[in-house]
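Here is my note on the model you sent. Please read the points below with the structure open beside you.

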Amino acid sequence: MPTDQPEDALLTVSGLTAGYGTSPVLHAVDITVPPATLVALLGPNGAGKTTLLRVISGLLRPSAGLLRLAGQDVTRLRPHRRAQKGLCLIPEGRGIFPSLTVGENLELQVPPWMADAELGRVLEMFPVLGSRMKQVAGTLSGGEQQMLALARAVLARPKVILVDEISMGLAPRLIDRLFEALTELAAAGISMLIVEQYVQRVLEICPLAYVLNKGAVAYSGSSDSLGRDDIAAQYLGTA
């Protein structure tokens with residue numbers, strides 16, 4: 001389903017086709033992420049959600065299509081160059097260094113020219129990390145590890161964060177805090193494309209949504225317009 005892509009879009013994915021070897025996964029996918037906006041990326045297992053995030057982040061090369069970040073063509077850039085331009089991926093399973101302490105994880109993400117105030121701002125958002133600075137990151141709870149992954153992402157000063165299943169395996173109260181943090185980051189000007197298993201929850205915080213089904217966009221538009229019947233038909237793959 002083609003999607004209008006406004007000139008002020010922060011991230012645009014146009015006609016993206018990709019797969020693994022000779023096995024196609026994504027078919028002419030169009031997606032737009034506006035500035036300072038949370039966008040949900042939904043779909044049944046095997047729909048291509050994680051593959052799409054891998055292509056956008058540069059971990060997988062597309063066979064066709066175009067990727068633009070803040071108006072610049074990044075289709076052929078390597079992952080580290082995309083990161084330098086403001087694209088950050090938090091993969092499923094948490095993007096941290098488990099053998100390092102919390103403090104070391106954060107320090108690695110802070111450029112030499114960044115003021116201490118930047119780190120302080122992140123610790124205000126996730127105060128539990130401030131009391132765990134000397135703790136080995138791999139011994140944190142699952143929710144604390146996800147908070148650390150988000151904190152690391154924010155310190156990179158991203159324009160867009162790609163989030164893959166941030167709530168997986170977490171208790172409901174921790175999910176609530178993480179979803180609050182996502183909303184706070186959007187209010188601070190950071191855009192996100194969020195793959196999430198808790199469909200209704202993520203639709204509550206994301207004004208826009210895309211549904212992938214069999215590697216193609218089956219729905220794009222307002223989250224409010226994505227009704228329960230649509231979710232049953234598209235998200236659960238019964239269409």
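1. Start with a cysteine. Cysteine 206 is buried, at a relative accessible area of 2%. Keep in mind that this is a predicted model. The value for cysteine 206 lies under the 20% cut-off for burial, so the residue counts as buried.

2. Cysteine 88 also belongs in this discussion. Its relative accessibility is 15%. That is under 20%, so cysteine 88 counts as buried.

3. How many disulfides does the structure hold? The count is zero. A disulfide would be a covalent bond between the sulfur atoms of two cysteines. No pair of cysteine sulfur atoms here meets the 2.5 Å cut-off, so none is assigned.

4. Now the overall picture. The protein chain has nine helices and ten strands. It runs to 239 residues, and buried residues make up 49% of them. The chain exposes about 11,100 Å². Carbon and sulfur atoms supply 53% of that area.

5. Contacts across the sequence deserve a line. Take the contacts in the protein chain with a separation of 6 or more. Residues 24 or more positions apart account for 68% of them.

6. Serine 57 gives a local example. Where does serine 57 lie? It sits in helix H1, which covers residues 49-57. Serine 57 is buried, with 9% relative accessible area. The side chain of serine 57 reaches the backbone oxygen of arginine 54 at 3.1 Å.

7. Which residues does serine 57 touch, leaving aside neighbours within four places in sequence? The contacts are Pro79, Arg82, Leu87, Leu89 and Leu162. Look at leucine 89 in particular. It is 32 residues from serine 57 along the chain, yet their C-alpha atoms are separated by 6.5 Å.

8. Next, the charged pairs. The model has four salt bridges. One of them joins arginine 132 to glutamate 144, with the closest N and O atoms 3.0 Å apart. Arginine 132 lies in the loop between helix H5 (127-130) and helix H6 (142-155), while glutamate 144 is in helix H6, so the pair ties together parts that are twelve residues apart in sequence.

9. Are the two partners in that pair buried or partly exposed? Arginine 132 is partly exposed, at 25% relative accessibility. Glutamate 144 is buried, with a relative accessible area of 13%. The 20% cut-off falls between these values, so the two residues get separate labels.

10. Arginine 201 forms a salt bridge with aspartate 176. The closest N and O atoms are 2.9 Å apart. This pair links distant parts of the chain, 25 residues apart: arginine 201 is in helix H8 (residues 199-205) and aspartate 176 is in helix H7 (residues 172-187). Arginine 201 is partly exposed, with a relative accessible area of 28%. Aspartate 176 is partly exposed too, at 35%.

11. Last, a network. Which residues are linked in a network of salt bridges? They are Arg177, Glu180 and Glu184. Within it, arginine 177 pairs with glutamate 184, and the closest N and O atoms are 3.6 Å apart. Glutamate 184 has a relative accessible area of 35%, so it counts as partly exposed.

Conventions
Residues numbered from 1 in each chain as written. Predicted model: local features only at pLDDT ≥ 70, side-chain atom pairs only at ≥ 80, totals over all residues. Heavy atoms only, no water. Buried < 20%, exposed > 50% of the residue type's maximum accessible area, 1.4 Å probe, protein only. Helix = DSSP H or I, 4+ residues; strand = E, 2+ residues; numbered from the N terminus. Contact = heavy atoms within 4.5 Å. Polar contact = N/O pair within 3.5 Å; in protein donor to acceptor, adjacent residues only side chain to side chain. Areas by Shrake-Rupley, 256 points an atom, 1.4 Å probe, with all protein chains shown as cover. Salt bridge = Lys/Arg side-chain N within 4 Å of Asp/Glu carboxyl O.
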